[in-house]
Amino acid sequence: MQLPNSSQAYIQTNRLIGYLLPETHEVGKAKAKFFKGLGFSNTNPKPLEEALLNLARTQVIDEVIQMVHGTKYTITGSIQTPSGKTVFIL
């Protein structure tokens, strides 16, 4: 199953630079270290945003979980990174 309304998917920039890319965020710091090691940065979050949106729009859903604040969709696939590597992410 594809992500419902995937053509309308978006990522708030503050979620990228405030959670996913700062190495000081208590929950996101391990993710930040991973992504920064691949050449992504919080000064230019656009490449990561585009890679994640491409994944959401082209891959099938692996898991659907009903949460208190809505539905969580898990998608896995490969993304291209600024360092030239292709990595498989969840």
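## Ground rules

Helices (H or I, at least four residues) and strands (E, at least two) are DSSP runs here, numbered from the N terminus. Gln80, for one, belongs to strand 3 (residues 77–80).

What you're looking at is a predicted model: local features need pLDDT of at least 70 and side-chain atom pairs count only at pLDDT 80 or more, while totals for chains, interfaces and linings use all residues. Residues are numbered from 1 along each chain as its sequence is written, and side-chain values use heavy atoms, with hydrogens and water left out.

## The largest pocket

Let's start with the open space. A pocket is found on a 1 Å grid over the protein atoms alone, as an open set of points where a 1.4 Å probe fits, with protein on both sides within 12 Å along at least five of seven lines; a cavity is a set from which the probe cannot get out, and lining residues have an atom within 4 Å of a point. Grid points are joined across faces, edges and corners, and a volume is the space filled by probe spheres set on the points. By that recipe, the largest pocket comes out at about 1400 Å³. Its lining has 30 residues, and Ile11, Arg15, Leu52, Lys72 and Tyr73 are the closest to the centre.

Which elements give two or more residues to the lining? They are helix 1 (13–20), helix 2 (29–37), helix 3 (46–58), strand 1 (61–67) and strand 2 (70–75). Strand 2 contributes the most, with 5 residues. Sorted by type, the lining has 20 nonpolar, 6 polar and 4 charged residues; Ala, Val, Leu, Ile, Met, Phe, Trp, Tyr, Cys and Pro count as nonpolar, Asp, Glu, Lys and Arg as charged, and the others, Gly among them, as polar.

## Rings and a charge

A pair of aromatic rings is described by the distance of the centres and the angle of the planes. Rings of Phe, Tyr and Trp (its six-membered ring) pair if their centres lie within 6.5 Å; planes under 30 degrees apart count as stacked, over 60 as edge-to-face and the rest as tilted. The whole structure holds 2 such pairs. Phe34 and Phe35 are edge-to-face, because their planes meet at 70°, with the ring centres 5.2 Å apart. Phe35 and Phe40 are edge-to-face as well, at 5.8 Å centre to centre and 80° between the planes. Put together, Phe34, Phe35 and Phe40 make one aromatic cluster.

How open are these rings to solvent? Buried means under 20% relative accessible area, exposed over 50%, and partly exposed in between (1.4 Å probe, protein chains only). Phe34 has 39% relative accessibility, so it's partly exposed. Phe35 is buried at 7%, and Phe40 is buried at 3%. Away from the Phe cluster, the charged end of Arg15 sits over the ring of Tyr19, 4.9 Å from its centre (the test asks for NZ of Lys or CZ of Arg within 6 Å of the ring centre and within 35 degrees of the ring normal).

## The nonpolar core

A nonpolar core is a set of buried Ala, Val, Leu, Ile, Met, Phe, Trp, Tyr and Cys residues joined through side-chain atoms within 4.5 Å. The largest one has 18 residues, and Leu20, Phe35, Phe40, Leu48, Leu52, Ile79 and Ile89 have the most contacts inside it. Helix 1, helix 3 and strand 4 (86–89) each give two or more residues to this core. Helix 3 supplies the largest share, 5 residues.

## Odds and ends along the chain

Back to Gln80: at 55% relative accessibility, Gln80 counts as exposed. Its C-alpha is 9.9 Å from that of Leu52, with their positions 28 residues apart in sequence. Pro47 is in helix 3 and partly exposed, at 29%. Pro47 and Lys72 are 25 residues apart along the chain, and their C-alpha atoms are separated by 23 Å.

The segment before helix 1 includes Gln2 and Asn5. Gln2 is partly exposed at 37%, and its C-alpha is 8.3 Å from that of Ala56, 54 residues away along the chain. Asn5 is not a glycine, yet has a positive phi of about 55°; Asn5 is also exposed, at 56%. Leu38, in the loop between helix 2 and helix 3, is buried at 6%. The C-alpha atoms of Leu38 and Asn5 are separated by 29 Å, and the two residues are 33 apart along the chain.
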